[in-house]
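Here are some notes to read alongside the model. Please keep the structure open while you go through the points.

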Amino acid sequence: MSLSILPAALAAVLASGAIQPVADTGPPPLSLAEALLIAESREEPGIETWRARAEALETRGEAESALPDPSVRVGVASVPLSDFDLEREAMTQAQVSVRQMFPRGETRQLRRARREAEAEGARAGMALEAREIRRTVRQRWLELYYWERARDLTLRRREEMDRLGEVATAVFASGRANSHDVIRVDLETAMLGTRLVDIERQSETIRADLARYLGTDADRPLTAQMPALPALPDGTDAVAALAAHPGIRAHNARIEASERELDIARQAFRPAWALDAGYGLRGSRSDVASIGVSVEVPLFNRTGREAGVSAARQARSAEELARQASLLDLRRQLDRAVRQHRWLDDTIALHEREVLPRARETVEAVLAAYENEQADFAELVRAELALLDAELALVRMQVDAGQALADILFLTGDVQ
């Protein structure tokens, strides 16, 4: 085989690499939107835990707002000790009395309000768990998308290397080249095979993560196109949306609960009271009845009551400071995610406009130079591998931009 016929042979070998489509009988591709629907439709223990906690707190609030049970007293009064004759003395009587205690001030209503605030915090925790799941599914789906695209691109490039190996073998057989060209192609092909093994390992690990939320649907292949995520929120709207973040709502609920706890502590300065009603049976004589009110006057232990109010006030201040710290943390996370997303968008545009076209042009130019005996075979191999790296870098940046947007949507909520 002469070197002069190599261009035609090389073109024929490269053209023969067209892959015939195979009928797909497997499960349908899994889109990101469908993955989110599946995750939201499944019964998630983490969300149900918060739901049960909220219901328990509301029920506890109803129980704590109820009046305490009345106490009933049954006895005998004014019994003569000389002969224990119940009929001799006019004052001897069998008594039945009822006593109903009433807690201080508005303690009952405040206790219920405190539990309702705690229940609202639990519902905020439920919403936060749901947002966490959406972010996790988005990021894991996008990460799996990268590795599936990496597998496809690597397989395609390995096929190109196999075809180049056929060319190198033909050239070597003609006696016009050294064996190191064939060895170099075999080495690069083996290294691509090793890369494919690592890609498969990464894919299986991510599928295991997705199976936590998708079940057996995590084993389905993904759609070939990069999904369109919701639009990036406006800067002002995004910052304003942080105040409605479930984490902040949970802080607001805890502040409300601590405020009610402070009100309950203040009720210690108000008196508690009880209503007493009694009935006395005196045989043949007229029965007697009694009614009265008992008041517990808070005259002593003022220091202890003031300490309770001070402790409740400090607890409320601590919750307010915790909310401020959380807002600052969310703002920092939002700023970082927005900056990263913008930087990735600019880099992707530059990569699509400059890097990837030049990598493809380089492969074509080196191939033409090789056909004209103006470039060596190793340079052609390097150009093919550089094109693979450029393609993988573009997909990686696209996925990173999607994951940054997933973080932004976790912070601000989905904007349709």
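Which residues touch the most other members of the largest nonpolar core? The first point below takes this up, after two remarks on how to read the model. This is a predicted model, in which local features need pLDDT of at least 70 and side-chain atom pairs count only at pLDDT 80 or more, while totals for chains, interfaces and linings use all residues. Residues are numbered from 1 along each chain as its sequence is written, and side-chain values use heavy atoms, with hydrogens and water left out.

1. The core. Val-137, Trp-141 and Leu-214 touch the most other members of the largest nonpolar core, which has 67 residues. Such a core is a set of buried Ala, Val, Leu, Ile, Met, Phe, Trp, Tyr and Cys residues joined through side-chain atoms within 4.5 Å. Two or more residues each come from α2 (32-41), α4 (107-173), α5 (179-214), α8 (302-371) and α9 (377-412). Helix α9 gives the largest share, 19 residues.

2. Around Val-137. If you click on Val-137, look for Leu-32, Ala-35, Leu-36, Ala-39, Leu-210 and Tyr-213, its contacts once neighbours within four places in sequence are left aside. Contact here means heavy atoms within 4.5 Å.

3. The chain as a whole. The protein chain has nine helices and four strands, in the order α-α-α-β-β-α-α-α-α-β-β-α-α along the sequence. Helices (H or I, at least four residues) and strands (E, at least two) are DSSP runs, numbered from the N terminus. Of the 416 residues, 38% are buried; buried means under 20% relative accessible area, exposed over 50%, and partly exposed in between, with a 1.4 Å probe and protein chains only. Among contacts between residues at least 6 apart in sequence, 83% join residues at least 24 apart.

4. Two neighbours in α9. Both Leu-385 and Glu-384 sit in helix α9. Are they buried or exposed? Leu-385 counts as buried because its relative accessibility is 15%, and Glu-384 is buried too, with a relative accessible area of 6%. Leaving out residues up to four places away in sequence, Leu-385 touches Glu-188 and Leu-192. With the same exclusion of residues up to four places away, Glu-384 touches Arg-157, Glu-160, Met-161, Leu-164 and Val-363. Met-161 is also worth a look from Leu-385: the two are 224 residues apart in sequence, yet 9.1 Å apart in space, C-alpha to C-alpha.

5. Helix packing around α8. Two packed helices are described by the angle between their axes and the distance between the axes. The axes of α8 and α9 come within 8 Å and cross at roughly 160°. Axes are lines fitted to C-alpha atoms, for helices over the stretch in contact, and angles run from 0 to 180 degrees between N-to-C directions. That makes α8 roughly antiparallel to α9, a label for angles over 145 degrees (under 35 is roughly parallel, 65 to 115 roughly perpendicular, and the rest oblique). Helix α7 (residues 246-266) packs against α8 at an angle of about 170°, with the axes 8 Å apart, so α7 and α8 are roughly antiparallel to each other. Residues making the contact include Ile-248, His-251 and Leu-262 of α7 and Val-309, Arg-316 and Leu-330 of α8.

6. The sheet. Four strands form an open sheet in the order β1-β2-β3-β4, with antiparallel pairing; two strands pair if DSSP finds at least two bridges between them. The edge strands, β1 (71-77) and β4 (288-296), each pair on one side only. On average, neighbouring strands are turned by 20° against each other, direction ignored.

7. The β3 and β4 hairpin. Strand β3 (residues 272-281) pairs with β4 in the antiparallel sense over nine bridges. To trace the register, note that Leu-275 has Val-293 of β4 as its bridge partner, and Gly-280 has Val-288 of β4. Six residues lie between the strands of this hairpin, where Gly-283 takes a positive phi near 65°.

8. Val-98 in β2. Val-98 is found in strand β2 (residues 93-102) and counts as partly exposed because its relative accessibility is 37%. Beyond residues up to four places away in sequence, Val-98 touches Pro-70, Ser-71, Val-72, Leu-275, Asp-276 and Ala-277. The C-alpha atoms of Val-98 and Arg-73 are separated by 6.2 Å, with their positions 25 residues apart along the chain.
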